[in-house]
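Let's take an informal walk through this protein. Have a look at the model first, and then we'll start from one residue and work outwards.

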Amino acid sequence: IANSKLNYSLNLNANFTDNAVIRNNTLIDDPNFIPKPGERAQKITETTFLNMDGTYRMGGNYSISKQLNNRKYNLFFRGSVNYGNSVSLNNGQKNVNKVTTFFESFGPKINPTEWFEINPYVSYTNTNQRNTLFTDNKTNTLALNLDGRVYLWETNLIGYSASKNYIRGISGNINNNPFIVNLYYEKELFERRGKVTLQVFDLLNQNNFIQRDQNLDGGYVDTKSNALSRYFMLRLSMRLQKWTGAQGRNGRGSMRRGDGSFMD
């Protein structure tokens, strides 16, 4: 709604699978293991596949944004809802796995001047997995976020992003409430066709929490990585396109899509 500087969008989707290929995990005696007298047989898991109905997914996402004071301020609210239903077999017994995920995000984008931008926002994610055979599990993540940029002396830019996460439902986390801070400095060169960027990731070295992924068999996989999360990166980039047109902030060139149209 251009005259009101109001934008809203809604997207819905659904996916149904007939005769989905599912797994049947069965515990059987290990044929290669010969037990000693009085020793129990060793078990292994045999996986077979068959076709069953009952697999479908539904979801949607939405967003509302309102521009104020000649686009110096922009309030946004966005979110998504997804529901998945899948079936599997465990020792011949049918398990129905239902996963519901909610995501919400709200905050302002603030551009009070041409050289300063700050975007604080809060987000919340809730994932609830229910099963007929296995233990249910539920995770919640509340995140307080802040990002923005500061333009200095026309061709210099300092950018930042910070996120404080409060994670519940994953007891094995190294850090349940990590505070992730990223910074970068950028210098434009060659009449703003090139730029050098120095970035530092995870300044406080706290990006070491567990990533949980739900699977279709009713379980989940927790991934704990001990990779070095705090590191520096130096990058040189060049813009060789010959498009001309409207100027961006502080005389910078506006970004274009592959068809030549301007990005917002």
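Start with L142, which sits in strand β8. Keep in mind that this is a predicted model. Is L142 buried, partly exposed or exposed? Its relative accessibility is 34%, and partly exposed covers the range between 20% and 50%, so L142 counts as partly exposed.

L142 also belongs to a nonpolar patch on the surface. Among the other members are I1, Y8, F106 and L144, and together the patch residues have about 1,100 Å² of accessible area. Which elements give two or more residues to this patch? They are β4 (55–68), β5 (73–90), β7 (116–131) and β8 (137–152). The top contributor is β5, with three residues.

**The neighbours of β8**

Now back to the strand that holds L142. On one side of the story is β7, which pairs with β8 in the antiparallel sense. On the other is β9 (residues 156–168), which also runs antiparallel to β8. Here are the two pairings next to each other:

| Strand pair | Bridges | Residues in the hairpin link | An example of bridge partners |
|---|---|---|---|
| β7 and β8 | 14 bridges | five residues | Q129 and N137 |
| β8 and β9 | 13 bridges | three residues | G148 and Y160 |

The turn between β8 and β9 has a detail to look for: W153 has a positive phi there, of about 50°.

**The inside**

Let's leave the surface patch and go to the core. Which residues make up the largest nonpolar core? There are five of them: I22, M52, V87, L89 and V96. Take I22 and set aside its neighbours within four places in sequence: I22 is then in contact with M52, V87 and L89, and also with T48, F49, L50 and S88.

**The whole protein**

Zooming out, you'll find 14 strands and zero helices. Reading from the N terminus, then, every element in the run is a β. Of the 264 residues in the protein, 28% are buried.

What about contacts between residues far along the chain from one another? Taking the contacts with a separation of 6 or more, 54% are between residues 24 or more positions apart. As for the outside, the protein exposes about 17,200 Å², and carbon and sulfur atoms supply 55% of that.

Notes: Residues numbered from 1 in each chain as written. Predicted model: local features only at pLDDT ≥ 70, side-chain atom pairs only at ≥ 80, totals over all residues. Heavy atoms only, no water. Patch = residues over 30% accessible without salt bridge, like charges linked within 9 Å, V, L, I, M, F, W, Y side chains within 5 Å. Areas by Shrake-Rupley, 256 points an atom, 1.4 Å probe, with all protein chains shown as cover. Salt bridge = Lys/Arg side-chain N within 4 Å of Asp/Glu carboxyl O. Helix = DSSP H or I, 4+ residues; strand = E, 2+ residues; numbered from the N terminus. Buried < 20%, exposed > 50% of the residue type's maximum accessible area, 1.4 Å probe, protein only. Core = buried A, V, L, I, M, F, W, Y, C linked by side-chain atoms within 4.5 Å. Contact = heavy atoms within 4.5 Å. Pairing = 2+ DSSP bridges.
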